Each structure stands twice: as C-alpha cells, then as structure tokens.
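Here is a set of short exercises to work through with the structure open beside you. Try each task before you read its solution.

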Amino acid sequence: MSKLSHAQWSSRLTFILAATGSAVGLGNIWKFPYMVGDSGGAAFVLIYLLCIALVGLPILVAEWLIGRRGQNNPANAMADLAKSAGQPRIWMIVGISGILGAFLILSFYSVIGGWSLYYTLSSVTGAFSGQDADGIGELFNGMLGNPGLLLLGHSVFMLLVIGIVARGVTKGLEGAVRTLMPALGVLLLVLVGYGMTTGHFGEALGFMFNPDFGALDGGVVLAAMGQAFFTLSLGMGIMMAYGSYLGKEVNLLKTARTVIILDTVVALVAGLAIFPIVFANGLDLDSGPGLIFVTLPLAFGNMGGGVILGLLFFLLLTFAALTSAISLLEPVVEFVEERTPLSRIGSTLVAGAATWALGIAALLAFNVWSDVLILGFNVFDFLDTLTSKYLLPLTGLFAIIFVGWLLDREGVRQELQLGDTGAKIWTLVSRFIAPLGVIVVFVSSL
Ligand code: PFF
Ligand code: NA
C-alpha cells in the first residue's frame, strides 16, 4: 500500500464492516464457547464482559486513535507519535510485537479454518445425518488423528487467505461481510431455537449467566482477559492499521461500541446455541477446541433440513474465519513488503509460507507430536497461550498507556468528542482502570 497516498475508508459503515470482519470469526463461535465450558461457565462470562467493557473498549479506541493520528503502519505510526510526544522510538515495539502476534495467531487459526472446511464438506456428504454423540465424536477424532487430512484443510485455508491478500482485494470483502455475517447470525439463531427444543435450554442459560464464583481463580481471569483481546483483534496492530484509513470525522467511541456489541452478541449467541446440545447429550463441558465440532453436527444431523443448514453454517463459519485470517496476514505482508525488496505478491508468498509452515507444527500437536511440549504446552496450546494470554494483553497495555499518559490530553479529548464528564471518565479509564486491570489480571494469575 503506498505510504504517500494514504486513502481512506469511504464511509463509517465500510469501516465498521471491515473491523467487524476482522473481529467476528472463530474467536466468537469456536473459541468463546469452549473457553466458557473449560472455565466453568458464568463467572468466566462475567469477567469476560467486564474485560470487554473496561479494557477492550478503551484499547480498541486507543489503537484506532494511534492509527488515525499516525497515518502509517503500526510500527511507523507508533514511532512517529512517540517522537512528537517527546518519547523514545522504542515505542515502535508496540507496533512490531503486534505483527509478530498476528503471524503466530494465524498459524493455528488456519488449522481451525481447515477443520471448518472439512466440516463443510462433511455436511454435504451427509456424514452427520442420524448420528449420535458417539458417531460424531468418532468423526471428530478421526479427523484429529489424521495429519494428512489436517494438513490438507490447513493448506487449502491458507491458500485462500494468500490468494485474497496477494491480489489486494481485501477491501472488496466488505460487501460480502455485509450479507454473509447476518446470514451466519440467522443460522446461529436457528441453532438456539433447536436448543430450546432439547429441554436443556434453561440449564444452558444458568451455566452461562448464573455465576458460581467458586470456579474463579487467577487462571480463569487471565483466560477471560486474553479472550477479550483475541476476540476484538486487539494488541496486534490490526486495529491500528485500520485506524490509519479512518477519516477525521468518524466518532471512535460510537464506532467501537457498535463493533464491540456485534462481536459480543455473536459470541453469546454461539454459547446459547452450543450448551443446550452439550447438556442434552451429556457431553463434556470441557471438550476443549473440539466443542463446536462435536455438538453442532449433532443438531444438524438430527433436525429437518439439517444437511443444508449444516452446509451453510460451516460455509459461513469458514467465511467468517477467512475475513479474520485476511486481517491477520495483511499486516505481516505489509511489514515484509516494506522491509524487503519483495513485491506485494512475493511478500504475500513469503509471509503466507512462513505462517503455513508454523501451522504444520500446530496441527501435528493433535496427533504425532501430541507429547512434544513447550513449557508444558503442546505446540498448538503454546501458540494460543503465548499470544492470547501474554503477547496481546501486553501490547494492548502499552498502547493504552501511551494514549492515556503520553499523548496530549486536550487533543485526545477533542478527538474523542468528549464533554467534561466524558473527559473525566476517559481519563480515569485510560490512565487507571484499563492499564491497572491488565496488570492486576497478570499479577493475580501468577
Ligand atoms: N478476532 C478474531 C476472532 O475472534 O476470530 C481473531 C483475530 C483476528 C484475532 C484478527 C486477532 C486478529 F488480529
Ligand atoms: Na471475535
């Protein structure tokens, strides 16, 4: 992308669609429900929502603001803004660590994108039809135990991402986001409706919203905060990069509120679709990353029109995963393009191939490398934990400290269009609540 003619989003709606395309993805539908299940339910959900509101929202605004003021890629934007604020250039690390995070996340994200592709095909072949929990479990475990199949799914998914990013058609996706995201929402609601017919909907509601604080510990709180960062695509420079294309007139707080509400609603509805099926079939709440792949096929296999609904659902899930994955590859590609003599296509191939290679290590964690451990985690869990729980929150922490403490306060107040009370709240949140929230969560998890 040329640094000289820094184009802008054509409208606030376009921007919302792009940001939502990045935010809404596997994090909402695949990851959120299984983390809720693993972490004991409502107490996790509550902490997650608090993190979204008190940490995620201000950091999202901070990242957009940095991008819009910097009018450049994340690393350069941070370097320039630091300079004009009389701060050392080292602040550009905030931009660079985000790019590293995006690379690490995409490697394992693509593996799950591959699962989604495989399940799209499995719906068409009627593999779910009339199956019970055991049959569906076998299908899932068969996939996990087959490295060749996982590699195929991961490779096809990465090829799609690379193809789209190489051609630079990222912006053309907004129209698709606009029609396909609502369709995915409708399908989730159909699944919630199915959940209501199982007789276990109330149980699911209680599990998700009636907290048992006995289940809370530092680890659960850290997981909830990490998920808040992951789901909003924070701490990766992505939102900063998006902000650099944002017109001056766009109200950052309102826009952040819209994107966050959309993202949060999708996650909660996904949970409400999945947990009734878990309870109705006596499945394990802590099924981990396999949770949606052992629950939703049961619903599709046993309801009218399930073949077509299953096909549509996994197709749309794959699409949602693609729009997020594209937003993950883009900053890595721009980084390579700017720092090497490579062309756009060359940079995309290099960045994509590196991500693909790391993804192979991640997918082998489910089979032949299952006992290869790094600090006690298999490769997949290591990549996930390192990024979600540490890299993203740390990067976001520095972004909010930078905006809260180092940028000129009056300028930020005007830019956020805040009145007196609003300005006081923003100061409180950006200087204290959000940064201290992240720090307290880190410390409590030790
Ligand atoms: N927010 C995406 C999701 O919830 O699926 C995942 C993601 C996309 C994370 C882009 C980070 C990112 F930069
Ligand atoms: Na998300």
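## Exercise 1: The shell around the ligand

In this predicted model, 16 residues surround ligand 1, and the closest are Gly25, Gly27, Ser233, Met236 and Ser324.

**Task.** Find which elements give two or more residues to the shell around ligand 1, and sort the shell by class.

*Solution.*
- Step 1: Go through the helices. Those that give two or more residues to the shell are H1 (12–23), H2 (26–38), H5 (92–124), H10 (218–231) and H14 (306–339).
- Step 2: Sort the shell residues by class. Eight are nonpolar and eight are polar.
- Step 3: Look for charge. The shell around ligand 1 has no charged residues.

## Exercise 2: Helix H1 and its partner

**Task.** Describe helix H1: what is its reach, how many of its residues are buried, and at what angle do H1 and H12 pack?

*Solution.*
- Step 1: Start with the span. H1 has 12 residues and runs 16 Å from first C-alpha to last, close to the 16 Å expected at 1.5 Å a residue.
- Step 2: Check burial. Nine of the 12 residues of H1 are buried, so the helix is mostly covered. The buried residues are Phe15, Ile16, Leu17, Ala18, Ala19, Thr20, Gly21, Ser22 and Ala23.
- Step 3: Turn to the packing. Two packed helices are described by the angle between their axes and the distance between the axes. For H1 and H12, the angle is about 40° and the axes are 10 Å apart. That angle makes H1 oblique to H12.
- Step 4: Add the hand. H1 and H12 make a right-handed crossing.
- Step 5: Follow the partner along its length. Helix H12 covers residues 252–280, which is 29 residues, and reaches 43 Å from its first C-alpha to its last, close to the 42 Å expected at 1.5 Å a residue. After H12 comes Gly282, with a positive phi near 60°.

## Exercise 3: A second helix pair

**Task.** At what angle do H3 and H18 pack, and is their crossing left-handed or right-handed?

*Solution.*
- Step 1: Locate the pair. H3 spans 42–70, and H18 spans residues 420–444.
- Step 2: Read the geometry. Their axes are 9 Å apart and meet at an angle of about 120°.
- Step 3: Name the arrangement. With that angle, H3 counts as oblique to H18. A crossing from 65 to 115 degrees would count as roughly perpendicular.
- Step 4: Give the hand. The crossing of H3 and H18 is left-handed.

## Exercise 4: Positive phi without glycine

**Task.** Compare Gln71 and Ser233: where does each lie, and is each buried or partly exposed?

*Solution.*
- Step 1: Recall the background. Most residues other than glycine have a negative phi.
- Step 2: Take Gln71. Its phi is positive, about 50°, although Gln71 is not a glycine. Gln71 sits in the loop between helix H3 and helix H4 (74–84). Because 16 C-beta neighbours fall inside 10 Å, Gln71 counts as partly exposed.
- Step 3: Take Ser233. Its phi is positive too, about 55°, and Ser233 is not a glycine. Ser233 belongs to the loop between H10 and helix H11 (238–243). Because 29 C-beta neighbours fall inside 10 Å, Ser233 counts as buried.
- Step 4: Connect this with Exercise 1. Ser233 is also one of the closest residues around ligand 1.

## Exercise 5: Sequence separation and distance in space

**Task.** For the pairs Leu386 and Ile105, Ile401 and Ala62, Ala365 and Leu291, and Met143 and Ser11, what are the C-alpha separations?

*Solution.*
- Step 1: Begin in helix H16 (residues 379–406), which holds Leu386. Leu386 and Ile105 are 281 residues apart in sequence, and their C-alpha atoms are 9.4 Å apart. Leu386 is partly exposed because 17 other C-beta atoms lie within 10 Å.
- Step 2: Stay in helix H16 for Ile401. Ile401 and Ala62 are 339 residues apart in sequence and 9.1 Å apart, C-alpha to C-alpha. Ile401 counts as partly exposed, with 18 C-beta neighbours inside 10 Å.
- Step 3: Move to Ala365, in the loop between helix H15 (344–364) and strand S1 (373–374). Ala365 and Leu291 are 74 residues apart along the chain, with 17 Å between their C-alpha atoms. Ala365 is buried, with 24 other C-beta atoms within 10 Å.
- Step 4: Finish with Met143 in helix H6 (residues 133–144). Met143 and Ser11 are 132 residues apart along the chain, and their C-alpha atoms are separated by 43 Å. Met143 has 20 other C-beta atoms within 10 Å and is therefore buried.

Notes: Residues numbered from 1 in each chain as written. Chains lettered and ligands numbered in written order. Predicted model: local features only at pLDDT ≥ 70, side-chain atom pairs only at ≥ 80, totals over all residues. Near = placed C-beta within 6 Å. Helix = DSSP H or I, 4+ residues; strand = E, 2+ residues; numbered from the N terminus. Nonpolar A, V, L, I, M, F, W, Y, C, P; charged D, E, K, R; others polar. Expected span 1.5 Å × (residues − 1). Axes fitted to C-alpha atoms, helices over the stretch in contact; angles between N-to-C directions. Parallel < 35°, antiparallel > 145°, perpendicular 65-115°, else oblique. Left-handed = near helix turned anticlockwise from the far one by under 90°.
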